[in-house]
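Visitor: I would like to learn how to read a protein model, taking one feature at a time. Could we begin with a strand and work outwards from there?

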Amino acid sequence: MQSPADVLKGIWTSVGGDPGALERVRLTGEEPQIPSSFRVAVAGQTTIAAAGLAAAEIWRLRSGEAQDVDVDMRHAVAECRSERYLRLDDKPPPPAWDAIAGVYRTGDGRFVRCHTNFPHHRDAVCKVLACEAEREKVQAALMQWKGEDFETAAYAAGGVVALMRSYDEWSALPQARALAELPLISIEKIGEAPPRPWPEGDHPLSGLRVLDLSRVIAGPVAGRTLAAHGADVLLVSGPELPAIPWLTIDTGRGKLTTFVALKSEAGRAQLRELLKDADIVSQGYRPRALAALDFGPEEAAKTNPGIVYVTLSAYGHAGPWAERRGFDSLVQTTTGFNHAEGQAAGIDAPKELPAQILDHATGYLMAFGAMMARVRQAREGGSWHVRVSLAQTGRWLWNLGRLDGGLDTPDLTGEAVHAAFIESMPSGFGTLKAVRHSALLSRTPAQWSHPAMPLGSHPAQWPLRS
């Protein structure tokens, strides 16, 4: 089984990172940290370390000054569950899930998971099942369905659900075979442009402008991470788009936030102006949704030659599921994790991983990929497209191996996290207590220079470069 240092080396060198830079990284802590048969703690620690090391490498290129990067495993695990430890005026989070979200049995003895936190996804499930949004009625209706038939019908209706599959069942699907041909992170040159110099500033990403077009966890975590290393991150949302308020607060630290109505020509013109002056675009919209509005990667590279464009998808950019919507919990269910954890726990039911680790790890990989692509841009010019997916991160996590007895590990308590890893700060919502960033850089420590604010709090314009 690979050590955390070897896992990090694999991530770092897969996109051309200098192996010598790894000598400046210190990974502390032992696994397991939380109850799982999978190497969840190592996945969190190494993806956070990769992003931290990329920031340190950019600082070396900008200033000539090397620095050390320290990541503690327990702190990294806490950060990969940051949404559950957030406190607003000392109040804990509200229930994370909609009333009918979760796992159900189907008439053929299978399990399906429904993700209904957004109203339109809940409505799609209820429409297919012809029932009201109550758990008992959803369960009764699903007893008239075969699991895979419901999965197919719900997706066709605009819902997001997943049939629980074993790892072997998943591996036999064409989508799994397509993922097996792809790297963990894809960085591809998509246009010509002169190299852009690094702007002035006292942090690795000072002066870089990041257009954050994402929601829920993975994409917003990427933006939060880039902000921690000094980037000007502008989160663009739509006034009509549903959001999950607690996640918006947790991942909004360090960002400015504005509303742009992309369904209007005026809104698209606003976004085009923001795009012209951006350095990085990070987006997690449904596949092809932005391309349909002329904001896909190729269009962005024509509008702004030299852009770094980061795309997050659920199931990867190749294969028959390339355009399928999805969330961490669903990808866990359909790719074998919930089945495997259930078996390891000795239960005949799905068992979730003890963190939304596919989301969090993928968010750090997005930030890492964005920074490594920006290094290439500064060195050789060009426009660049970075692609990651929740399912590919899952494939990587699976291949890290399993932990015997990992499910017997005591869980990390909120009391322990709040004693060790929490900082207090003002926000547009009240006083926040939230997990500090776990990648500790010796010369340019991470910091969030903007408080979390309600969506749409700022104008649709970039701040002046310092």
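Visitor: How many residues of S9 are buried?

Guide: A general idea helps before the case itself: in a regular strand the side chains alternate between the two faces of the sheet. In this model, which is a predicted one, S9 is mostly covered, with 6 of its 6 residues buried. Asp-232, Leu-234 and Val-236 point one way from S9, while Val-233, Leu-235 and Ser-237 point the other way, and all are buried.

Visitor: In which sense do S8 and S9 pair, parallel or antiparallel?

Guide: S8 and S9 pair in the parallel sense, and 4 bridges join them. As a residue-level example, Val-210 has Val-233 in S9 as its bridge partner.

Visitor: What is the order of the strands in the open sheet of 7 strands?

Guide: The order is S7-S13-S12-S11-S8-S9-S10, and the pairing in this open sheet is mixed. Strand S7 (186-191) and strand S10 (255-259) each have a single partner strand and therefore stand at the edges, with one side of each left without a neighbour in the sheet. From one strand to the next, the twist averages 20°. Elsewhere in this sheet, strand S12 (residues 308-313) pairs with S13 in the parallel sense over 6 bridges, and Tyr-309 stands opposite His-385 in S13.

Visitor: Which strands do helix H12 and helix H16 touch where they pack on the sheet?

Guide: Helix H12 (residues 265-276) touches strand S8 (209-213), S9 and strand S11 (280-283), and the direction of H12 makes about 145° with that of S8. Helix H16 (residues 357-380) also packs on the sheet, touching S7, S11, S12 and S13, and the direction of H16 makes about 165° with that of S13.

Visitor: What is the order of the strands in the open sheet of 3 strands?

Guide: That sheet runs S1-S2-S16, again with mixed pairing. Because strand S1 (25-28) and strand S16 (439-441) each have a single partner strand, they stand at the edges, and one side of each has no neighbour in the sheet. Neighbouring strands here are turned by 20° against each other on average, direction ignored. Strand S2 (residues 69-72) and S16 pair in the antiparallel sense over 3 bridges, and within that pairing Val-69 has Leu-441 in S16 as its bridge partner. Helix H2 (residues 40-63) packs on this sheet and touches S1, S2 and S16, with its direction making about 165° with that of S2.

Visitor: Turning to empty space, how many cavities of 30 Å³ or more does the structure hold?

Guide: The general idea is that rolling a probe the size of a water molecule over the atoms shows where empty space is left. Here the structure holds 5 cavities of 30 Å³ or more, and about 150 Å³ of space lies in the largest cavity. Its lining comprises 16 residues, of which Ser-214, Arg-215, Val-216, Leu-235 and Thr-248 lie nearest the centre. Strand S9 (232-237) and helix H11 (245-251) each supply at least two residues of that lining, and by class the lining has 9 nonpolar, 5 polar and 2 charged residues. Leu-235, named above as buried in S9, is thus one of the residues nearest the centre of the largest cavity.

Visitor: Which strand gives the most to the lining of the second largest cavity?

Guide: Strand S13 (residues 383-389) gives the most, with 3 residues. The second largest cavity has a volume of about 70 Å³, and the residues that line it include Leu-179, His-317, Arg-387, Val-388 and Ser-389. Its lining divides into 5 nonpolar, 5 polar and 1 charged residues.

Visitor: Is helix H10 mostly covered or mostly exposed?

Guide: Helix H10 (residues 218-228) is mostly covered, with 11 of its 11 residues buried; among them are Pro-220, Arg-224 and Leu-226. Just after H10, Gly-230 takes a positive phi of about 105°.

Visitor: To finish with a single residue, where does Phe-429 lie?

Guide: Phe-429 lies in the loop between strand S14 (422-425) and strand S15 (432-435). Its relative accessible area is 27%, so Phe-429 counts as partly exposed, a class that falls between the limits of 20% and 50%. Leaving aside neighbours within four places in sequence, Phe-429 is in contact with Leu-88, Asp-89, Ile-249, Ala-452, Met-453 and Pro-454. Of these contacts, Met-453 is 24 residues from Phe-429 in sequence, while the two are 6.7 Å apart in space, C-alpha to C-alpha.

Technical notes. Residues are numbered from 1 along each chain as its sequence is written. This is a predicted model: local features need pLDDT of at least 70, side-chain atom pairs count only at pLDDT 80 or more; totals for chains, interfaces and linings use all residues. Side-chain values use heavy atoms; hydrogens and water are left out. On a 1 Å grid over the protein atoms alone, a cavity is a set of points where a 1.4 Å probe fits but cannot get out, and a pocket is an open set with protein on both sides within 12 Å along at least five of seven lines; lining residues have an atom within 4 Å of a point. Grid points are joined across faces, edges and corners, and a volume is the space filled by probe spheres set on the points. Ala, Val, Leu, Ile, Met, Phe, Trp, Tyr, Cys and Pro count as nonpolar, Asp, Glu, Lys and Arg as charged, and the others, Gly among them, as polar. Two strands pair if DSSP finds at least two bridges between them. Axes are lines fitted to C-alpha atoms, for helices over the stretch in contact, and angles run from 0 to 180 degrees between N-to-C directions. Contact means heavy atoms within 4.5 Å. Buried means under 20% relative accessible area, exposed over 50%, partly exposed in between (1.4 Å probe, protein chains only).
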